[in-house]
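Welcome, and please open your viewer so we can walk through this model together. We will move from one selection to the next, pausing at each stop to see what is there.

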Amino acid sequence: MTEFAQGRVSAVLGPTNTGKTYLAIERMLGHGSGMIGFPLRLLARENYDRVVRLKGAAHVALVTGEEKIVPPGARYFLCTVESMPVDRPVDFLAIDEVQLCADAERGHIFTDRVLHARGRHETMLLGAETVRSVLRELVPEAEQITRPRFSTLSHVGARKLTRVPPRSAVVAFSAAEVYAMAELLRRQRGGTAVVLGALSPRTRNAQVAMFESGEVDYLVATDAIGMGLNLDLDHVAFARLSKFDGRTVRALSAAELAQIAGRAGRHMAAGTFGTTGDAGTLAPELVEAVENHRFDPVRLLYWRTRDLDFRSPRLLLKSLDRPPPRPQLLRVRGAEDLQALTALARDAEVAALARHPAAVRLLWEVCQVPDFQKILSDQHARLLGRLYRYLAPDGGRLPEDWVARQVARIDRTDGDIDALVGRISQIRTWTYISHRADWMTDAGHWQERAREIEDRLSDSLHERLTQRFVDRRAAMLVRRLGAGGDLLAAVKTNGDVLVEGEFVGHLEGFQFRADGTVAGAEAKPLLTAARRALTGTMPGRVRDLERDGDDAFTLETDGRLVWRGMAVARLARGESALRPEVDPLASEFLDGRSRERLRLRLTAWLRHYLESELAPLYRLAEAAARPELGGHLRGLLFQLAEAFGLVPRRVVAAQVRGLTRADRRALADLGVRLGAESVFLPALLRTRSARLRGLLWALHGKTAPPQLPRLGRRLVPAAGIDPSLCQALGYRYLGGPNGARGAGVVLRADTLERLVREARRLAATGLFAVTPRLRDLAGGAAEAEAVLAALGYRVRRLPEGTRVVAPTRSANGKAGATGRAKRRRQAPSADSPFAKLREFDRER
């Protein structure tokens with residue numbers, strides 16, 4: 001980061017609704033060039049649009065992690081703080097919401113900009129009064145300017161949710177609470193807009209537009225409204241006075257309350273704030289602090305060194321651990337990028353690639369790809385590892401087909417609200433990646449593709465939110481019912497859901513099944529009350545599932561995962577056939593974190609179950625990754641594992657020919673049999689194992705779980721069965737009787753080997769007839785002839801109608817040669833069928 005000769009530095013401090021951002025833009029446009037860093041992508045976009053209207057699109061740039069619009073002649077840059085191109089010299093530079101220097105997650109980035117980013121002629125730091133003293137100590141050259149609030153903010157006490165006035169925002173601190181409040185307002189007041197931090201800007205703007213247009217009179221939100229939304233609000237009601245900050249549940253500070261409450265009464269209009277629901281009342285000292293904008297000063301700012309050592313991952317981690325140089329600074333701990341680096345540095349393959357400064361620098365850049373889902377999932381670490389392995393080789397680029405598969409999995413608009421929110425978070429990560437032009441072969445294409453998917457998901461999410469939380473008939477319905485208050489609801493231990501003592505539905509796993517008799521005018525309030533009760537029971541049910549032993553879970557033949565007899569998830573296609581993923585069933589009562597907890601517990605059970613039921617197969621897969629084994633052996637093991645334990649010998653003939661004696665012993669130790677027609681695992685030929693492999697085959701092939709025929713030595717019926725499914729089940733598909741198409745004989749691998757041995761024994765004496773033994777193995781005379789023909793034998797008919805089988809070299813190998821030698825030594829009897837066949841051939 002380059003530092004430029006600086007001009008005037010000012011710190012413009014004050015509460016919300018003081019015009020600080022307006023002042024900064026006005027000052028920037030008075031210079032020939034400028035840059036402002038905002039805390040949110042939404043704010044950067046909003047102000048970019050504003051400046052474009054004033055200066056024209058050719059002169060204005062937008063730079064965020066997920067969106068970059070930089071015309072060649074751009075002079076004014078509207079950015080997120082993380083994405084500010086601070087190496088670019090500009091006359092004016094501003095940083096908004098500098099009190100976020102004290103934020104445990106992003107504060108070190110804000111602090112770095114405050115300490116080092118400067119405009120050539122003017123620099124402006126915008127924020128709350130709470131950072132006044134610490135800025136005076138760290139940036140003594142800054143002239144401090146106080147901006148008073150344009151309007152008054154008054155406390156009006158606690159109110160029932162049904163008494164909250166129109167043009168109000170109700171604030172909660174979890175998605176589940178927001179949904180519960182929104183449901184109640186839908187029932188009581190006909191509808192509400194919903195704003196969550198996880199919403200995309202497009203969805204958030206659409207929801208806010210409903211409120212601003214008067215389509216709905218209420219807004220239910222998390223603390224996401226505290227920044228970036230200028231609303232026509234009269235009142236803010238807190239439904240909760242505590243929040244989970246990523247580490248623990250704690251009470252809101254006076255400054256945090258004021259940041260949110262300050263959304264009421266924009267510009268010169270007065271605003272009010274209070275509490276609702278179960279929040280209780282605000283303490284008098286908190287009320288006084290918020291109304292008079294007097295808060296405890298910030299003493300410490302989060303910090304991280306800029307002097308990084310890229311000689312190795314270990315030295316990079318060590319440099320990131322350097323202590324701050326000033327007592328007002330606190331080294332950040334547990335940042336997402338640092339957690340990712342720590343995890344990847346332990347990966348032996350990553351460590352082997354990161355052996356020079358450029359490779360280590362790339363590793364650090366990869367670790368800074370954000371996890372927008374914020375659920376600390378191992379999936380994100382695996383994604384980063386995959387990115388680095390592709391990019392680390394010189395000139396490395398992300399494979400187009402791999403990127404296409406990752407993005408295509410997200411491009412779905414089905415599912416509930418949480419599913420759509422989750423997919424929006426996932427596509428935002430790929431939007432970020434697509435803006436790394438040096439990582440992509442066609443970055444422009446993927447930027448456009450990601451934007452299209454995010455827009456499509458955002459529109460679907462807005463539609464779902466509106467369908468669920470906007471219903472103008474609800475208020476009229478409640479008045480007709482004359483409820484006069486909340487309906488009482490409860491969930492019994494057996495899953496029955498009661499409202500006012502009446503059965504309204506049943507809880508199956510984590511899904512609510514409404515009773516068919518609940519209909520008509522009373523249905524909506526009854527079901528709303530039921531859902532409110534269910535929301536409270538879900539955390540306990542999630543804990544129960546996590547704590548239950550493995551015997552509580554089963555896997556159904558259709559791919560559903562069942563807990564205590566109730567379906568809670570289904571299998572989904574994974575990275576390989578032997579590593580399917582778990583997809584929890586959609587439930588409106590589970591937020592993203594709860595779904596992830598379910599997925600992790602079910603994934604652990606599934607992995608243990610598969611590795612137990614298909615132990616020989618997983619041992620093969622594990623052995624195939626052992627570098628000390630020979631190439632032919634590893635290749636054979638890999639193909640065998642990918643094919644669920646059975647491959648035709650001709651497919652792997654090259655690998656078999658290259659096997660050493662030690663390789664063959666290793667195969668025997670792993671339970672692999674090198675048969676004449678197949679290479680397979682005899683231990684996997686039992687019926688239970690075959691059905692499980694059939695399910696995994698269907699998942700990996702993206703088909704519905706198959707309806708399997710009766711399993712035995714052969715499949716009956718065999719018509720219409722996919723040959724690759726036969727192979728996955730441990731069977732070989734062979735030709736049909738009399739050449740019939742689509743009705744082949746399907747024999748189990750070990751049965752086929754026995755039939756081959758019997759045929760070769762018979763062929764050693766020359767022509768032979770189908771014996772009872774062959775008929776028994778194949779399931780009939782016609783089936784036996786079809787199998788023998790598929791193996792290369794010739795089936796002939798004598799003049800008198802007798803059918804015989806003639807061996808060939810391709811079918812019988814050395815046995816065929818032996819048979820011909822014996823025939824030359826011993827001429828057949830003149831009355832035998834074989835002599836008749838010879839005479840028949842001569843006559844022809």
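**First stop: strand β5**

In this predicted model, select β5 and look at its two faces, both of which are covered: Tyr-76, Leu-78 and Thr-80 are buried on one side, and Phe-77 and Cys-79 are buried on the other. In a regular strand the side chains alternate between the two faces of the sheet. The count for this strand, residues 76-80, is 5 buried out of 5.

Now add its partners. Strand β2 (residues 34-38) runs parallel to β5 and is joined to it by 5 bridges; look for Gly-37 opposite Cys-79. Strand β3 (residues 60-63) also pairs with β5 in the parallel sense, over 4 bridges, and here Ala-61 stands opposite Phe-77.

**Next: helix α10**

Select residues 336-345. Which residues of helix α10 are buried? They are Asp-337, Leu-338, Ala-340, Leu-341 and Leu-344. Because they cover an arc of only 160 degrees around the axis, they lie on the same side of α10. Show α9 (313-320), α11 (348-353), α12 (357-367) and α13 (378-391) as well, and you will see what these buried residues pack against.

**Last stop: the largest cavity**

A search of the whole structure turns up 3 cavities of 30 Å³ or more, and the largest has a volume of about 120 Å³. To find it, centre on Ala-176, Tyr-179, Ala-180, Arg-468 and Thr-535, the closest to its centre of the 15 lining residues. Helices α5 (175-189) and α18 (523-547) each give two or more residues to this lining, with α5 giving the most, 5 residues. Colour the lining by class and you get 6 nonpolar, 2 polar and 7 charged residues.

Key:
Residues are numbered from 1 along each chain as its sequence is written. This is a predicted model: local features need pLDDT of at least 70, side-chain atom pairs count only at pLDDT 80 or more; totals for chains, interfaces and linings use all residues. Side-chain values use heavy atoms; hydrogens and water are left out. On a 1 Å grid over the protein atoms alone, a cavity is a set of points where a 1.4 Å probe fits but cannot get out, and a pocket is an open set with protein on both sides within 12 Å along at least five of seven lines; lining residues have an atom within 4 Å of a point. Grid points are joined across faces, edges and corners, and a volume is the space filled by probe spheres set on the points. Ala, Val, Leu, Ile, Met, Phe, Trp, Tyr, Cys and Pro count as nonpolar, Asp, Glu, Lys and Arg as charged, and the others, Gly among them, as polar. Buried means under 20% relative accessible area, exposed over 50%, partly exposed in between (1.4 Å probe, protein chains only). The arc is that of the directions from the helix axis to the C-beta atoms. Contact means heavy atoms within 4.5 Å. Two strands pair if DSSP finds at least two bridges between them.
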